[in-house]
Amino acid sequence: MTPIHIIGGGLAGSEAAWQIAQAGLPVVLHEMRPVRKTDAHQTEGLAELVCSNSFRSDDSEQNAVGLIHHELRQLGSLIMSCADAHQVPAAVHLPWIGTDSPTL
Ligand SMILES: Cc1cc2nc3c(=O)[nH]c(=O)nc-3n(C[C@H](O)[C@H](O)[C@H](O)COP(=O)(O)OP(=O)(O)OC[C@H]3O[C@@H](n4cnc5c(N)ncnc54)[C@H](O)[C@@H]3O)c2cc1C
């Protein structure tokens, strides 16, 4: 079977590759870093969340971002399972602690 090619291993591309693989289909994920850098990303890693490392609100009742979190969890999201595994308390927000976090 011809693989599905995904260009870019950011949050969206990494999640898409995971979902395709979970569906039993062949997938190739292409990421340009570190050969070519971006102005925003600082690492070579896939699914890097740039800047503040916050996934914003996790309130699925009152906030659109929180609702998307909820829907992603229902779909078995790899990104959300990583965020949940590494979250720290911060009101209704879902911080993702990265390597450059000032709290580490
Ligand atoms: C300064 C800044 C601060 C931010 N802060 C936050 C925050 O605190 N919280 C938050 O939730 N969101 C934040 N965001 C937004 C968040 O980074 C984006 O919403 C998210 O990264 C989008 O994910 P994406 O997968 O669509 O794109 P990206 O994460 O940008 O992923 C795209 C990927 O594609 C790769 N790529 C691009 N072109 C090619 C190519 N031709 N070949 C191969 N690979 C390629 C790139 O290297 C990158 O890895 C911030 C954004 C910026 C710019």
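**View 1. Residues around the ligand in the predicted model.** Ala, Val, Leu, Ile, Met, Phe, Trp, Tyr, Cys and Pro count here as nonpolar, Asp, Glu, Lys and Arg as charged, and the others, Gly among them, as polar. On that basis the shell around the ligand divides into 9 nonpolar, 9 polar and 3 charged residues. The structure is a predicted model, in which local features need pLDDT of at least 70 and side-chain atom pairs count only at pLDDT 80 or more, while totals for chains, interfaces and linings use all residues. Residues are numbered from 1 along each chain as its sequence is written. A residue belongs to the surroundings of the ligand if its C-beta atom, placed from the backbone, lies within 6 Å of it; 21 residues surround the ligand, and the closest are G8, G10, A12, C51 and S52. The elements that give two or more residues to this shell are α1 and β3 (54-57), where helices (H or I, at least four residues) and strands (E, at least two) are DSSP runs, numbered from the N terminus.

**View 2. The crossover from β1 to β2.** Strand β1 (residues 4-7) and strand β2 (residues 27-30) run parallel and are joined by 4 bridges, two strands being paired if DSSP finds at least two bridges between them. H5 has V28 as its bridge partner in β2. Between β1 and β2 the chain passes through helix α1 (residues 11-22), and this β-α-β crossover is right-handed, a term used if, with the strands pointing away from the viewer, the path from the first strand over the helix to the second runs clockwise.

**View 3. Helix α1 and the residue G24.** From its first C-alpha to its last, the 12-residue helix α1 reaches 16 Å, close to the 16 Å expected at 1.5 Å a residue; the expected span is 1.5 Å times one less than the number of residues. Just after α1, G24 takes a positive phi of about 85 degrees.

**View 4. Backbone details at P34, A47 and R56.** The loop between β2 and β3 holds P34, and the peptide bond from R33 to P34 is cis, with omega near 5 degrees. A47 is also found in the loop between β2 and β3, and its phi is near 55 degrees, a positive value in a residue other than glycine. R56, in strand β3, likewise is not a glycine and has a positive phi of about 65 degrees. A residue is buried if 20 or more other C-beta atoms, placed from the backbone, lie within 10 Å of its own, exposed if 12 or fewer, and partly exposed in between. A47 is partly exposed because 19 other C-beta atoms lie within 10 Å, and R56 is partly exposed because 16 do.
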